[in-house]
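This report looks at how one protein chain packs its inside. Please view the sequence and the model before reading on.

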Amino acid sequence: MGVYYLKIRMLNSRNEINRLGEDENFIHFSFRPSDIDILEILKHCPNLKAAQIPPSYMKSLSGNVPKILKMQGVELLKGDLKGTKVIKYMEVIDK
């Protein structure tokens with residue numbers, strides 16, 4: 001067991017997709033991404049490992065989104081980052 005450091009890139013709107021960098025590994029959506037949004041994100045973030053979306057958005061998410069992410073080796077996670085403000089990154093340390 002050790003200390004795990006995780007840097008999560010918060011995406012608060014579609015307008016932030018063009019500002020993503022190649023070094024992003026984990027993103028959290030604060031909006032419901034479309035198929036086109038996912039393709040744009042994958043273009044900007046070739047090293048993406050995981051994407052997290054609130055459970056309430058998963059129910060109405062296009063069925064193509066999980067398929068596209070899986071084909072690219074990106075894990076789609078359900079989850080909330082409660083109590084966060086409009087910020088660019090959130091850091092999580094798990095001991």
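Which backbone nitrogen does the side chain of D37 reach? The side chain of D37 reaches the backbone nitrogen of S34, at 2.9 Å.

The model is predicted: local features need pLDDT of at least 70, side-chain atom pairs count only at pLDDT 80 or more, and totals for chains, interfaces and linings use all residues. Residues are numbered from 1 along each chain as its sequence is written, and side-chain values use heavy atoms, with hydrogens and water left out.

D37 lies in helix α1; helices (H or I, at least four residues) and strands (E, at least two) are DSSP runs, numbered from the N terminus. D37 counts as buried because its relative accessibility is 8%. Buried means under 20% relative accessible area, exposed over 50%, and partly exposed in between (1.4 Å probe, protein chains only). I38, I41 and L42 of α1 are buried as well. These buried residues are on the same side of α1, because they cover an arc of only 135° around the axis, taken from the directions from the helix axis to the C-beta atoms. On the face turned away from that side, I36 and K43 are exposed.

The largest nonpolar core (buried Ala, Val, Leu, Ile, Met, Phe, Trp, Tyr and Cys residues joined through side-chain atoms within 4.5 Å) has 18 residues, and F29 and I41 have the most contacts inside it. The elements below each supply at least two residues of this core.

| Element | Residues |
|---|---|
| β2 | 26-29 |
| α1 | 35-44 |
| β3 | 50-53 |
| α3 | 64-71 |

A second, separate core of 5 residues includes I8, M10, A50 and L81.

Key. A polar contact is a pair of N or O atoms within 3.5 Å; within protein, one must be able to donate a hydrogen and the other to accept it, and residues adjacent in sequence count only if both atoms are side-chain atoms.
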